[in-house]
Every structure is written in structure tokens, then in C-alpha cells.
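This briefing introduces the structure shown below. Its topics are strand pairing, overall form, surface and charge, and backbone geometry.

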Amino acid sequence: MPPSIRKLTGRIGAVVEGVDLTAPPDPLTVTALRDALNQHKAIVFDDVNLDHAGQERVAGWFGELTTAHPNVPAADGTTNVLAVDSETSKANEWHTDVSFVVNPPQATTLRSVVTTPYGGETLIANAAAAYRDLPEPLRALADSLRVVHTNRYDYARPSATTAQRQEYDRIFASTPYEAEHPVVRVHPLTGERGLFIGGFAQHIVGLSRSESAGLLRLFQSYVTRPENILRWTWAPGQLLIFDNRITQHYGVDNYDDHPRRLNRVTIAGDVPVGVDGRRSEQLVGDASHYSRVLEVAA
């Protein structure tokens, strides 16, 4: 039987039921899941029974895996798992994962390991809906712009930090990366246009920093409209997968000092392409150890 897909909001998110993630993959089921991800941008599975290897295996249904991170070591001796752990980092800034490399991951999987008694939600925003919300003059302007993303700005840094978080920040930025991307990315499978910005986007090519900041704030305000956001409250044993090509996400830091851990595995992506057909370019750094560049991502 095909999986059951239940929408969570009108613009983003769906719960998937009727899929045994511990069983060998069925090609028809995998196709249905990929179609659901293209349509809903984020899909969630409840009551999963996965360890590191199981999460890596399910992520592999969607394509080739990246390593854990260009700079941050993998969790527990694995190659592909990154611990998103409140002890070392809190991703409480809107961002697209690893957008400072020329081919950011096409998709991200997050598995709940330690959940909080309250708060700690993950917000995911539909960047395609944000683009459609733009008035036509702003869409035309966005279509024409390029923006530099860099890891030299750490989205995860809290205002009051611990020694562990300071060390994480140092490792995160230890090798600098910069990539130039289109402000509007054309999704390689659906053809949708989405605002490809977020916390790593630092300045628009050809503009001053103050001009860039003003425009990026304006565009970002459309991404983070409440209508475009799925607010996911974590429970034990859940798996969330979102399309990193056309979403942004944010870890809400509203759970006091309670521990929180999600394990992240990402799927390698292709090089973004703008409305004009121009591809992204790596300006600083070589991330080939992190991810092979795919011609067309699944």
C-alpha cells in the first residue's frame, strides 16, 4: 500500500504514515516519499526506531550522503551524523544548511534523540511561497541578484555562550568558506523559484553591506511570514526530512537549560541555478571532502 500523507499546514509540511523505515526500501514507496518531499517541502515520521546507521540508511533513499559537516567532526565515530546538541550549539537563526559551499545539501534529515519537556521546536519555512508572496517589482529585483554566503558568521552563536559553545564556534569557522549563489534559486525538479538566502547570506554582490542588509531583511521578512512556517514540536522517536533547496529552518531556544539533541544527516546536492541559468560559484574554500558535486540531485 502507498504511504498515507497528511498535510500539516496549507503551505508546508506533512506527516507520513504507513511506512516501515526499518524494512528494505520499496521503490514505489521511495518514489512516493520523494514526491511528497517535493510537494510539501517537509515530511515527518512518528515512532521511528532508528539508530545512527538506520538514519543514514533512510537518508540514502533520497540520494548520496554528505559527511557530517565541512568543519565539525561527526558524532560518535560516524562519518555522516552531526549532533545538533544544545550543549555545543543552538541553531536559533534562520538558515539553509551549509549554504556556504557551492553545492549545499539537497535535503536534511533530523532525528530526535533527546527532547525537551517544553519548547525546543524546529521552524521550517517555505521559501517558494515566500517568493510567490513578493510583489512583482521585488520578484524582478530578486531574480537579478547574487549573494555571498559564508561560515564566518556562525548562526548558532547564542548571546551568552559557554566554553563548549565557544569551542564549537571556533571549529565551525576554522576553515573559511564563501560561495556566491543566486538570490532566487530554481528548484531542479519542480521548477519552483525560491528565495535562497538565510543567516549565512552576508552581502549582495555589487551592493554595500548596509544596502545588502536592508534588502536581505526585506526579502527575509517574506520567508518568515507565519503562513509560510511549519512549527514542529518534537517528541521521542521522530524523523523530520526537509528540502534544503527551497526551505529555511530555525531551532527555537525556548527550553531553558534542558538538554536537547537532534542527529542530522544530509543528502548531497547539485549546484544551485538562478533564473538566468547561471550556476553558483565557490569563492573561498574547497569542500570536496564534505560532499561530491552532483549534476542532478534526486
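Strand E5 (residues 107-114) and strand E13 pair in the antiparallel sense over 5 bridges, where pairing requires that DSSP finds at least two bridges between two strands. The model is predicted: local features need pLDDT of at least 70, side-chain atom pairs count only at pLDDT 80 or more, and totals for chains, interfaces and linings use all residues. Residues are numbered from 1 along each chain as its sequence is written, and side-chain values use heavy atoms, with hydrogens and water left out.

**Strand E13 and its partners**

- Within the pairing of E5 and E13, Thr108 stands opposite Phe242 in E13.
- Strand E3 (residues 42-45) also pairs with E13 in the antiparallel sense, over 4 bridges, and Val44 stands opposite Leu240 in E13.
- Strand E13 spans residues 239-243, and 5 of its 5 residues are buried (buried means under 20% relative accessible area, exposed over 50%, and partly exposed in between, with a 1.4 Å probe and protein chains only).
- In a regular strand the side chains alternate between the two faces of the sheet.
- Both faces of E13 are covered, with Leu239, Ile241 and Asp243 buried on one side and Leu240 and Phe242 buried on the other.

**Overall form**

- The protein chain has 6 helices and 16 strands; these are DSSP runs numbered from the N terminus, with helices (H or I) of at least four residues and strands (E) of at least two.
- The radius of gyration of the protein chain is 18 Å, which agrees with the value near 19 Å for a compact globule of 298 residues; the radius is taken over C-alpha atoms, and the globule rule is 2.2 Å times the number of residues to the power 0.38.
- Along the principal axes, the C-alpha atoms fill a box of roughly 50 × 45 × 35 Å.
- Of the 298 residues, 56% count as buried.
- Among contacts (heavy atoms within 4.5 Å) between residues at least 6 apart in sequence, 84% join residues at least 24 apart.

**Charge**

- The protein chain has 28 positive and 35 negative side chains, and the centres of the two sets lie 4 Å apart.
- Lys and Arg count as positive and Asp and Glu as negative, while His and the chain ends are not counted.

**Backbone geometry**

- Most residues other than glycine have a negative phi.
- Asp47, in the loop between E3 and helix H2 (52-60), has a positive phi of about 55° and counts as exposed at 70% relative accessibility.
- Asp256, in the loop between strand E14 (247-251) and strand E15 (261-267), has a positive phi near 55° and is exposed, with a relative accessible area of 51%.

Methods: The place of a charge is taken as NZ of Lys, CZ of Arg, CG of Asp or CD of Glu.
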